[in-house]
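Good morning, colleagues. I would ask you to look at the sequence and the structure together, as I shall refer to both.

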Amino acid sequence: ILKPDTLAYNFRMDMDAANIVFDSLQLFVPFTLLGKFAAFRVGLTKKDFECLTRHDKPSLLCQARNQMNNFRIGNPDLFYKLYPIPEKFKSLDSMEWFDHIKGGTVSHPYDPLLALSIVEDTDSINDLPGLDVDVSTKTKLFTRDPVLCNFPEARPLHYIIGNSETEHGVPDAEKVHRALVESLRLGLDSNSITTIPRS
């Protein structure tokens, strides 16, 4: 039986809700869970955000910086654990910290990576230009650990990606990074989103 990990930040924010979801749905709904050991193999950098920003849209890099700063102010201990910054740039009254993030990585996007892992199971992954991903072969962006519930009536097979440091689930981080950036670019450039005017 699957149980939410109390060490996972998002679960820990509301363990009661997490337990309800796991207990009530896992017998009927297939879960794909992506952990920190996968997410921290792939990061979006300042350069990525600059390249993804469109001239007629607000700066994605500024939005990322502002979101990170809210996190930094709200939980500085956890923030600096995840994003080591030299002590002299840690003042909460300054934004200098942003220029001193190690490697320039400003995001480890769990949700987009999870979405990408789901897309990988469909033929649409082949729509990402420049990627040598063939869904008919074993060349995959992610490796998954299958988990089957120990109940006779259980139908879905669950998958866990990146549940440990040795089984991180991302055999080629650069390829996953390229796929992630390309999928974000396609989403931003998509003309299929229509705004419905209020009546």
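How many salt bridges does a search of the whole structure find? The search finds five. Please bear in mind that this is a predicted model. I shall discuss some of these pairs after a few words on the chain itself.

The chain has eight helices and five strands. Read from the N terminus, the elements follow the order α-α-β-α-β-α-α-α-β-α-β-β-α. Of its 199 residues, 34% count as buried. Among contacts between residues at least 6 apart in sequence, 62% join residues at least 24 apart. The chain exposes about 12,800 Å², and carbon and sulfur atoms supply 55% of that area.

Let me return to the salt bridges. In general terms, side chains of opposite charge can pair when their charged atoms come close. One such pair is Asp23 with Lys3, whose side chains meet at 3.2 Å, N to O. This pair links distant parts of the chain, since Asp23 belongs to helix H2 while Lys3 sits in the segment before helix H1 (9-12), 20 residues apart. Asp23 is partly exposed, because its relative accessible area is 43%, a value between the limits of 20% and 50%.

A second pair is formed by Lys90 and Glu87, with a distance of 3.3 Å, N to O. Here Lys90 counts as partly exposed, at 23% relative accessibility, whereas Glu87 counts as exposed, at 62%.

A third pair joins Glu182 and Arg185, where the closest N and O atoms are 2.5 Å apart. Why are these two residues separated by about one helical turn? The reason is that they are three residues apart in helix H8. Glu182 is buried, with a relative accessible area of 14%, while Arg185 is partly exposed, at 29%.

I turn next to helix H2, which spans residues 15-25. Which residues of H2 are buried? They include Met15, Ala18 and Phe22. These residues cover an arc of only 60° around the axis, and therefore lie on the same side of H2. What covers the buried residues of H2 includes H1 and E1. On the other side of H2, Asp16 and Ile20 are exposed.

There is also a nonpolar surface patch to consider. Val21, Leu25, Phe28 and Val29 make this patch, which amounts to about 350 Å². Val29 itself is placed in the loop between helix H2 and strand E1 (32-34). With a relative accessible area of 34%, Val29 is partly exposed; the cut-off for a patch residue is over 30%, so Val29 meets that condition.

Finally, I would draw attention to His168. Where does His168 lie? His168 is found in the loop between strand E5 (157-161) and helix H8 (173-189). Its side chain reaches the backbone nitrogen of Val170 at 3.0 Å. Leaving aside residues up to four places away in sequence, His168 touches Phe37, Ala38, Arg41, Ile161 and Gly162.

To close, I would recall two points. The Asp23 and Lys3 pair links distant parts of the chain, whereas Glu182 and Arg185 pair within helix H8, separated by about one helical turn. Thank you for your attention.

Technical notes
Residues are numbered from 1 along each chain as its sequence is written. This is a predicted model: local features need pLDDT of at least 70, side-chain atom pairs count only at pLDDT 80 or more; totals for chains, interfaces and linings use all residues. Side-chain values use heavy atoms; hydrogens and water are left out. Helices (H or I, at least four residues) and strands (E, at least two) are DSSP runs, numbered from the N terminus. A polar contact is a pair of N or O atoms within 3.5 Å; within protein, one must be able to donate a hydrogen and the other to accept it, and residues adjacent in sequence count only if both atoms are side-chain atoms. Contact means heavy atoms within 4.5 Å. Patches are made of residues with over 30% relative accessible area and no salt bridge: like charges are joined within 9 Å, nonpolar side chains (Val, Leu, Ile, Met, Phe, Trp, Tyr) within 5 Å. Accessible areas come from the Shrake-Rupley method with a 1.4 Å probe; for residues, only the protein chains shown count as cover. A salt bridge is a side-chain nitrogen of Lys or Arg within 4 Å of a carboxyl oxygen of Asp or Glu. Buried means under 20% relative accessible area, exposed over 50%, partly exposed in between (1.4 Å probe, protein chains only). The arc is that of the directions from the helix axis to the C-beta atoms.
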